[in-house]
Structure formats: structure tokens, C-alpha cells
Amino acid sequence: MSTYASPTSQKTTLATPQNRVGFWDEPLGYPQAFVTVVTALIIGLFFHVRIGYRVPIPFSVVAWGGGGYALGLALVASRGRKRPLIKWVSGVPFAITVIVATGFVALIGAVVPASVLAKTLGVPSLFSSYPFWMLLFLMQTNLIAVTARRTLPLTRKNISFVASHLSLILIIFGGGLSGVSLERNRLLLSYGQANHEAITQEGARIALPFSMTLRNFKLESFPPTLALTQRDVHAKEGLKTTPGTHFLKPGQMEQIGDYRVRILQYLPGAALVGDRWIATNLPTAAPAAQIEAKDIHGKDTFTGWVSCGSVDTAGAILPLSGESALVMPSLRPKEYRASLSVSEQGKQAERELRVNHPLSIGDYRLYLLSYDEKMGAASEYVLVEVVRDHGIAVVYAGMYLMLGAVALMLWNGVGLERKEGQA
């Protein structure tokens, strides 16, 4: 005999506020990762508004703070590798969301001109901004957690995995360390005067662990060229300039515009004495050339001296027919260098600093920035940039570790092929 149960007799369970599942109580995945990334960006924007674009953080704070966080997270992730939160932080949804967000911000920083970013957001570079650092923090969290979960057991496959991910952790950490603690200071060196105080970007004076004295300055310039200037109301500043293409030397011939030009005399260093140009070896001497210019459409020939001039010598031009003239543009620097006397911990050393060839002194790298362009080769001072980058060594360590991880992966692949072949 069957018993029929009416619908009204069956119990129905309804959702109540007591048993409703919260957002963070659900299985963690992409939605929670998206909310985390957006929250990190908002926090970064808050720091940007409240603190400003960039506030230098002491190296010790970043190093100890970052190292302590990484070690603590690694211990928690290795011991609680099966916990849902650790699985989510080290999982694919969290990693993909953070990578996509970081790539999007990086794309904006690479595509949008720096002038637009500085005008609209007040940042010369998004890569050194707080929102971008917050995304790097999340990326580091994911890398540390997934690396710690793979530390055991110590198989060759796991070792290569840990090495490759640890290299990324070091590279990102080193880049962030450079961004928050990079020091860029400037040091003015004058002839015969020792200086150990640099000027920071904020205008403060700091003492360096060494002092430097300028002993000598040398400037090498490219040989001069000629140019034809003509009055043109439609051109910028009312002049149209046609540059020559040849460096000046005796006997050199070229056509500039409607004139065939020949170099009669060339003096690499000259001074105007009365109405004559004479050769001189003074540092403030200017190059001068006696030229002959023939109009290719007529019979007019013009002869005279041209010079770009210097701080002690007035320049000279050669007037031509109409409102045109041959001129010598200013010299273009080829290379400049400074001979320095460096005093560090009671020891003296003679060093040479060249443009685009930095000099290393302890933790500092020195770059030759500029000189007195008005004085040229007779400049009595040079401006040196003193840079200390705490993160570059960490970045290099990460790169070397990555090379080792790649070699280990290749070795693991060869070993696997051998085992398969033997089987």
C-alpha cells in the first residue's frame, strides 16, 4: 500500500540571512581577484593624492620590510599550502587578473606621452607611481606564494620551477627597490676646489663619502660645416636655412643652394686681430674659414671669412646676392671629459670621467652631465650626476638566477628524453 504525500506536507528550505553565503565565503576565483586588484589601485591613488608622486623611502625600510614580508608569506604558504586562501592567492585566476591589470597600466605608461601624464596625473612616469607599485606588490604576493608551495618535495622539476619564479621575484623586487629608493644627486666641480656635498632633487645638500676636485677639462667637437641663410617671410623666424653636408677642410668643394663653395683656407683655432684672422691655440679660439662662393646662375663670385665665433671672438658671415649669406653654425660637441682627483677614506686617486661613460666609486655611479657651454673648451666647471641604485644588484642577481633556471630546465628536458629512450 503506497502512501501519498501531498505537496503541503513536504518541508521546503528557504534562504535566510543566517545561511546566505557571503562574497568572500564563496569559492574564491576571478571576481574576488578583480575586487582585490581594484582595491589595490584605489589605495595607490589615495597614496598619490595624499602623499604626492614620489617620496623617497630609505633603503633599509624597503629591504627589511620587503624581505620580512616575503619570508613570512613563504612560511605561511609552505605550511598552509592546502588552505583555500593560499590556493587562491597562488592560483591561476589571481595571477591572470593581476598580470592583465599590470599589463594594461604598463601599456598606458608606454603609449601615453610623458607630457600628457605629467599634465593630467602629475606623474612623469606611471612605472614609478603608487598604483603601479601596488600591482607589483600583488604580483610579488602571487609569485612568492606559488613558489613556496612548490618547495617540497625537492625534485629536479620543482627546483627548476622554484629557481625560475624566484628569479622573477628578485627582478621585480629589485626594480621596485630602485623606484622607491633611487638617489639622483648633482655635484658641481670647479677647477682646483674639492667638493663632497651634492644637491638632491629636492634641493637639499648631502655629504658624500668621498670628495672630488676638477683637474682638467677637454672638449672635442666635430669639424664645422657651412649653411646658406636666405630671407623668407614664410619660414620660421623669417629665415630659410640650407645646411651644408661636408666638414670644412682646405680645398673642400660643395654646392649649397645656388652657390658652389670652395674652402680657400681653414683655421681650426683662430682669433680676429684687426681685420685679419690668425691661427691660435687658445682654448677660447674659434674655427674660421676663408671661402669662395660662385652663383651657379650668374657670374657673381663672393670671397670672405666665416666663423661661428666664441666667447672671446666675434663671429663672421659672408654676405651674398640678395638677402642671403653663408654662415658657420655653432660647433657640435663630439666628446668631453674631465680629469678628477678623488679622495676616499684618506686615499687619493686620479680618475677620468667621460660623457656616456659612467665612473663607479663604491655604491655610486657618476655621470658627466654638462659644462659651461658658453666657454666651451675653456669651461671652468663641470656638472656631475651622482646616482646610487640599491636595486640594480638585486636585478642582476635575478637575471643570473634566471639563466641558471633555464639551463636547469634544459637539463631536465634532456634527462627526461634519455629516460624515455631507455624505456
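These are legends for a set of close-up views of a predicted model.

**View 1. The chain splits into three parts: domain 1, domain 2 and domain 3.** Domain 1 covers residues 13-152. Domain 2 comes in two stretches, 184-220 and 334-388, and domain 3 takes up 223-331. Measure from C-alpha centre to C-alpha centre and domain 1 sits 62 Å from domain 3.

**View 2. Helix α2 has a buried face.** This helix runs over residues 59-79. Its 21 residues, at 1.5 Å each, should span 30 Å, and the end C-alpha atoms are indeed 30 Å apart, so expectation and model agree. Val62, Leu73 and Ala77 are the buried residues here. Look down the axis of α2 and these buried residues fall within an arc of 30°, which means that they line one face of the helix. Helix geometry helps here: an α-helix has 3.6 residues a turn, so residues three or four places apart point the same way. Swing round to the other side of α2 and you meet Trp64, Leu71 and Arg79, which are exposed.

**View 3. The buried residues of α2 have helices to pack against.** Their partners are α3 (84-89), α6 and α7 (156-181). Helix α6 spans residues 130-149, and one of its residues gets the next view to itself.

**View 4. Thr141 makes a polar contact with Tyr69.** Thr141 belongs to helix α6. The two side chains come to 2.8 Å in this polar contact. How buried is Thr141? Its relative accessible area is 9%, so Thr141 counts as buried, the cut-off being under 20%. Set aside the neighbours within four places in sequence, and Thr141 is in contact with Tyr69, Leu73 and Val89. Leu73 also turns up among the buried residues of α2.

**View 5. Strands β1 and β17 are linked by a salt bridge between Glu183 and Arg388.** The structure holds eight salt bridges, and this is one of them, at 3.1 Å from N to O. Glu183 lies in strand β1 (residues 183-190) and Arg388 in strand β17 (residues 381-388), so to speak distant parts of the chain, 205 residues apart. Both residues are partly exposed: Glu183 has a relative accessibility of 23%, and Arg388 has 21%.

**View 6. Glu385 and Arg184 also meet in a salt bridge.** The N to O distance in this pair is 3.2 Å. Glu385 is in strand β17 and Arg184 in strand β1, so the pair ties together parts of the chain that are 201 residues apart in sequence. What about exposure, buried or partly exposed? Glu385 is buried, at 13% relative accessible area, whereas Arg184 is partly exposed at 35%. As a general point, side chains of opposite charge can pair when their charged atoms come close.

**View 7. Glu335 and Arg337 belong to a salt-bridge network.** The side chains of Glu335 and Arg337 meet in a salt bridge of 2.3 Å, N to O. Which residues make up the network? Salt bridges with shared partners join Glu335, Arg337, Glu352 and Arg354 into one. Glu335 is buried, with a relative accessible area of 15%, while Arg337 is partly exposed at 21%.

Terms used:
Residues numbered from 1 in each chain as written. Predicted model: local features only at pLDDT ≥ 70, side-chain atom pairs only at ≥ 80, totals over all residues. Heavy atoms only, no water. Domains from an automatic or database assignment. Helix = DSSP H or I, 4+ residues; strand = E, 2+ residues; numbered from the N terminus. Buried < 20%, exposed > 50% of the residue type's maximum accessible area, 1.4 Å probe, protein only. Polar contact = N/O pair within 3.5 Å; in protein donor to acceptor, adjacent residues only side chain to side chain. Contact = heavy atoms within 4.5 Å. Salt bridge = Lys/Arg side-chain N within 4 Å of Asp/Glu carboxyl O. Expected span 1.5 Å × (residues − 1). Arc of directions from axis to C-beta.
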